[in-house]
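These are my notes from a reading of one structure. I set down what I looked up, entry by entry.

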Amino acid sequence: EVKIDDTAKRMCIALGKFTAYMRARPSKRQKEKAEREFGSRLVEQIGRLAICTAVVLNKTEVDDEVMRRTRQVALDTSRGRTLNITKHLFEVGDKGLETKQLAMYVTEKEEDARELLMFMLKIGAVEIFKRKIHRQSESHIGVWRLTERMRGLYSSVHKG
């Protein structure tokens with residue numbers, strides 16, 4: 001029997017939630033309610049992966065090495081357009097980016113980036129806020145940034 005402590009369990013939960021957000025995709029075939037993958041299913045799978053990895057490595061508990069390998073699998077399966085956008089928005093922090101700027105960073109057409117950002121807005125990964133163009137000006141521009149929840153998830157999954 002493999003032991004898994006509360007810290008490893010919390011990391012499995014964070015990895016499952018993060019992976020669910022990153023693997024979510026808008027439907028190309030039909031107009032349906034935008035929902036991400038079930039995080040609970042991924043949390044369970046990642047937890048099983050951690051335990052099975054410990055068994056394969058002949059360990060009696062889920063330790064740092066096991067979690068490092070588990071984390072890497074979760075990050076590998078999270079790769080894609082959504083992760084690329086999330087990474088850039090995380091790096092710029094609260095100042096956010098305009099759609100056009102973000103599209104250039106991720107080397108996508110502006111329309112494609114906007115479509116994915118709108119989907120990410122629906123699932124609660126990003127938000128739009130108004131930023132002043134100049135300090136003296138009253139003009140504002142809409143900018144994208146990660147929600148507080150997504151910033152926290154990204155940070156907890158990418159540390160270490």
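**Entry: surface patch.** I began with nonpolar side chains on the surface of this predicted model. I found that Met118, Leu121 and Ile128 form a nonpolar patch there, with about 230 Å² of accessible area together. I then looked up one member, isoleucine 128, and placed it in strand β1, which covers residues 126-132. Its relative accessible area is 44%, so I recorded isoleucine 128 as partly exposed. Membership of a patch requires over 30% relative accessible area, and the 44% of isoleucine 128 is therefore consistent with its place in the patch.

**Entry: salt bridges.** I turned next to charged side chains. Side chains of opposite charge can pair when their charged atoms come close. How many salt bridges does the model hold? The count comes to nine.

I looked up the pair of aspartate 76 and arginine 79, whose side chains meet at 3.1 Å, N to O. Aspartate 76 is partly exposed, at 36% relative accessible area. Arginine 79 has a value of 56% and is exposed.

I then examined glutamate 108 and arginine 81, which form a salt bridge at 2.9 Å, N to O. Glutamate 108 lies in the loop between α5 (99-105) and α6 (110-122), and arginine 81 lies in helix α4 (residues 81-92), so this pair ties together parts that are 27 residues apart in sequence. I noted both partners as partly exposed: glutamate 108 has 21% relative accessibility, and arginine 81 has a relative accessible area of 39%.

My next pair was arginine 145 and glutamate 127, with the closest N and O atoms 2.8 Å apart. What does this salt bridge tie together? Arginine 145 belongs to strand β2 (residues 140-146) and glutamate 127 to strand β1, so the bridge links parts that are 18 residues apart in sequence. Glutamate 127 is partly exposed, with a relative accessible area of 26%.

I also recorded a network: Lys59, Asp63, Glu65 and Arg69 are joined by salt bridges that share partners.

**Entry: a histidine in helix α4.** I closed with histidine 88, which is found in helix α4. Is histidine 88 buried or exposed? Its relative accessibility is 13%, and I entered histidine 88 as buried because the cut-off for that term is under 20%. I then asked which residues are in contact with histidine 88, leaving aside its neighbours within four places in sequence. They are Leu97, Leu102, Tyr105 and Val106.

Technical notes
Residues numbered from 1 in each chain as written. Predicted model: local features only at pLDDT ≥ 70, side-chain atom pairs only at ≥ 80, totals over all residues. Heavy atoms only, no water. Patch = residues over 30% accessible without salt bridge, like charges linked within 9 Å, V, L, I, M, F, W, Y side chains within 5 Å. Areas by Shrake-Rupley, 256 points an atom, 1.4 Å probe, with all protein chains shown as cover. Salt bridge = Lys/Arg side-chain N within 4 Å of Asp/Glu carboxyl O. Helix = DSSP H or I, 4+ residues; strand = E, 2+ residues; numbered from the N terminus. Buried < 20%, exposed > 50% of the residue type's maximum accessible area, 1.4 Å probe, protein only. Contact = heavy atoms within 4.5 Å.
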